[in-house]
Amino acid sequence: MMSQYLTMRRSLPDDVLLLFSLGDFYEMFFEDAQRAAEILNCALTKRHETPMCGFPHHAAEGYIAKLIKAGKRVALGEQTSIPQAGKLVEREITQIISAGTVSDLNLLDDNKHNYIASCYIIKEQYGLACADHTTGEFTLAEFNSLDALKDELNRLSPTELIIADDQVDELSSLAQALPYDAFAYIPDQARHTLLEHFKVQSLIGFGCEEMTAACSAAGATLHYLSYQMRRSCDHLRKISVRNTTEHVLIDTSSQRNLDLVESRSGRKHTLLGALDRTSTPMGARKLRDWILHPLCDLEPLTQRQDLIACFLDQPFLLAKCRDALKGIRDIERTSSRLSQNHGNARDLQALTCSLEKIPELKEDLKAVIHAAPNQLADQLAEKIHTFPELTELMNRALADEPPSTLKDGGMIRDGYLAELDELRNASRDGKKWIASLQESERKRTGIDSLKIKYNNVFGYFLEVTKANAGKVPDDYQRKQTMANAERFITPELKEMEGKILGADERSRQLEFDAFVDLRLQVCEHIDELQETANGLATLDVLLGLSETAQLYQHTRPVLDESFQLKITEGRHPVLEQTLVEEKFVPNCTNIDPKSSQLILLTGPNMAGKSTYIRQVALITLMAQIGAYVPAESAHIGLVDRIFCRVGASDDLALGQSTFMVEMNETSLIINNATEKSLVILDEIGRGTATFDGLSIAWSVAEHLHDDIKARTLFATHYHELTDLARTRPAVANYNVAVREWNDDIIFLRKIVEGTADKSYGIQVARLAGLPSSIIDRAKDILSHLEGNAVKPETNNKTKAKSSPKRTMPKANPAQLDMFD
Ligand code: ADP
Ligand code: MG
């Protein structure tokens, strides 16, 4: 057995842990055992000096989950022959499980894709393939720089990434990439893999015939999944090109700075959190994808807007469709699991329940189309199939509450299979016969406590207490002696037992066969199921966006190819939902290529600069996923990229200084922004000495205005910068209004034209709770620095104490009236 183990172990990559099936346990040996014992925090035992560690089959799911979460891959070495005395059981590696290939629902996040990605470089082309084995999605894309590839990887955030083992150096900056056999990536080989898999002559139909680098990555992904991980990939039915020019590009740091899908303060504070009112996991995954990949094309955006308009016009249908969707579960992942011979009767049942909701939903969709003809709705209605035969079959076949196991029976409903019904009757009759036997034997023997029992070792037997042993008749055969009882069998009992067990075993087999057959029926429909899931996801996202628009009075933005960006009374889409203490103050924006292409925004800390410029970016982004926006009205000339740069955030993990990070990101903008881009700069140049920083901020602003001509919002504490407006026609100065009240400062949150008169740093410092002695001293120094006649006095504590401590009046609207 050990030599069988070692052969198997040698066939696996070093990092994979081999779970060797031994009786009812999975065992690991040698180094695998040592590594796993540490992760699982379980006992490491030794037999003949061989370290080993293991866990029972029935608990395997939890243990495997732990190993995967710790970043391991595990191989299952299963027994493939029936154990026979004196003979070595045959074993085979049935599959390898990794983070990117799990199908266990407990390990998956409903609202997130579980991607396995692969990259390959040919000359200047950076190919990327990305598969979600849990849903069957399979896409590829090509980029012309490593940075662009990395940005897309960051958007997709795959749980597993493989690269060719001969490109490890070129791709060394991709964190946690796993090297895989370079042979699988050779363009001819990879292409062959794809052609074989899709059973096609060329890749023209998928639109990727010319994308050699990406196809190599895609072929290698399939190779990895099927050969190394031993997965069925039958449900990967097509490969689609992710056209990178179709999307508004949002680089990794901009994505982070805008808190699109993740934020340090939790999901609630992200754009995704604010917009997600989807009802199904498929919709939630799709919305996430939309937010990270907004569109540049007017046509599909208009279609999405039209459909939202339609739902808003008919709130009754909106509510009805959303209701119908609520009962629909993860059709995509469930059907994928089933098509890979995973899953159980409960999955079939869940799938059936979901499919049954579709006809009603389609009726509602038809009503929508009837009320306002809509191309997108037409397409969706076409994509979303109903499955009358399949649901009828499942309802007829499946029991009401099927078990999660496959081999114990109970999955199939009475009346579905005549033979099964007969066997069940036989078994039932047999059990009745046995129950009556207990009665008649009690009478015959006069032992009232005589019982007929059953266990897995002896089957049925008669049990008599020791005290009654004398009364046992001659035809009883003794089988076992217990402490207080004797156990017997009789030939007629054994004969009936044979019948019952035979019937039970046969019916379990019949049920299993019937289940496999039903599962096969699902596989036959996999194309339509995937298409349906996709259509439902889109519908779900649009219904959710409509709901959000209705709840928060979002309006339909006017979109065109102009360079305008005009927002009336815009709000921050996330803050307007999460702000509790204050009411959100709306603000207007007018970016016009002639007069205000670059807006310089000044104002004290905490005034609301960062919020405002992000709000403009988020509204633009929302508009370009087709959503309505939080504003009274908006006119948005479509953008090709959105950049959002925030000054002074240390990336210590990467070992770069604040300033270096800042400059890297700034140069990314300068090198990539176009006239169609939207650039948000928040306090750049802060990470270095004042004059350095100011000079850099100044020249960056000039360049954005003069050469790139990108629409730019620039929040800065460098007041000097506002001089730019004197020499540059399309620079406009704005500031966030504040009011002074005695020594305090009140934030009005209103963006007004002009420059801030001063920075109010000292007032803000007071708000933050700095002691008044320090505040007063700072004021002295400030007036000195500003060249006022008064020299700073030597720090004098007694004077400081005399200054009364004031508290800041709360800025509520009623109070503000006082100042107007
Ligand atoms: P700055 O960048 O000028 O220092 P922020 O944009 O970070 O200021 O805003 C500080 C806080 O003010 C935010 O956390 C938010 O709670 C609040 N705030 C900003 N803008 C508004 C607004 N328009 N309405 C209400 N509260 C706002
Ligand atoms: Mg700020």
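**Exercise 1. Which residue stands opposite Gly127 in S9? Trace the hairpin around this pair.**

Step 1. Gly127 faces Glu142 in S9. Helices (H or I, at least four residues) and strands (E, at least two) are DSSP runs, numbered from the N terminus. The model is predicted: local features need pLDDT of at least 70, side-chain atom pairs count only at pLDDT 80 or more, and totals for chains, interfaces and linings use all residues. Residues are numbered from 1 along each chain as its sequence is written, chains are lettered from A and ligands numbered from 1 in the order in which they are written, and side-chain values use heavy atoms, with hydrogens and water left out.

Step 2. Strand S8 (residues 125–132) runs antiparallel to S9, and seven bridges join them. Two strands pair if DSSP finds at least two bridges between them.

Step 3. Another facing pair is Ala129 with Leu140 in S9.

Step 4. Look at the turn. S8 and S9 make a hairpin with four residues between them. Gly136 in that turn has a positive phi of about 95°.

**Exercise 2. Is strand S9 mostly covered or mostly open? Place S9 in its sheet.**

Step 1. Strand S9 covers residues 137–143, and six of its seven residues are buried. Buried means under 20% relative accessible area, exposed over 50%, partly exposed in between (1.4 Å probe, protein chains only). S9 is thus mostly covered.

Step 2. Find the other partner. S9 pairs with strand S12 (residues 240–241) in the parallel sense, over two bridges. There Leu140 has Val241 as its bridge partner.

Step 3. Read the order. The open sheet has six strands, S11-S10-S7-S8-S9-S12, with mixed pairing. Strand S11 (177–180) and S12 are the edges; each has a single partner strand, so one side of each is left without a neighbour in the sheet.

**Exercise 3. What is the strand order of the open sheet of four strands? Describe its edges and twist.**

Step 1. The order is S13-S14-S16-S15, and the pairing is antiparallel.

Step 2. Strand S13 (451–455) and strand S15 (477–481) are the edge strands, each pairing on one side only.

Step 3. On average, neighbouring strands here are turned by 40° against each other, direction ignored. Axes are lines fitted to C-alpha atoms, for helices over the stretch in contact, and angles run from 0 to 180 degrees between N-to-C directions.

Step 4. Check one pairing. S13 and strand S14 (residues 459–465) run antiparallel and are joined by five bridges. Tyr454 stands opposite Tyr460 in S14.

**Exercise 4. Which residues come nearest to ligand 1? Build up its surroundings.**

Step 1. The shell has 13 residues; Val585, Met606, Lys609, Ser610 and Thr611 come nearest. A residue is near if one of its heavy atoms lies within 4 Å.

Step 2. Sort the shell by origin. Helix H20 (residues 609–623) gives the largest share, three residues.

Step 3. List the oxygen contacts of ligand 1.
- A backbone N or O atom of Met606 lies 2.6 Å from a ligand oxygen.
- A polar backbone atom of Gly608 is 3.0 Å from a ligand oxygen.
- A side-chain N or O atom of Arg749 is 3.2 Å from a ligand oxygen.

Step 4. Take the cover. Alone, ligand 1 has 560 Å² of accessible area, and the protein covers 82% of this. Areas come from the Shrake-Rupley method with a 1.4 Å probe.

**Exercise 5. How many helices and strands are in the chain? Put the parts in context.**

Step 1. The chain has 27 helices and 26 strands.

Step 2. Its C-alpha trace spans about 125 × 70 × 60 Å along the principal axes.

Step 3. Of its 820 residues, 51% count as buried.

Technical notes. A polar contact is a pair of N or O atoms within 3.5 Å; within protein, one must be able to donate a hydrogen and the other to accept it, and residues adjacent in sequence count only if both atoms are side-chain atoms.
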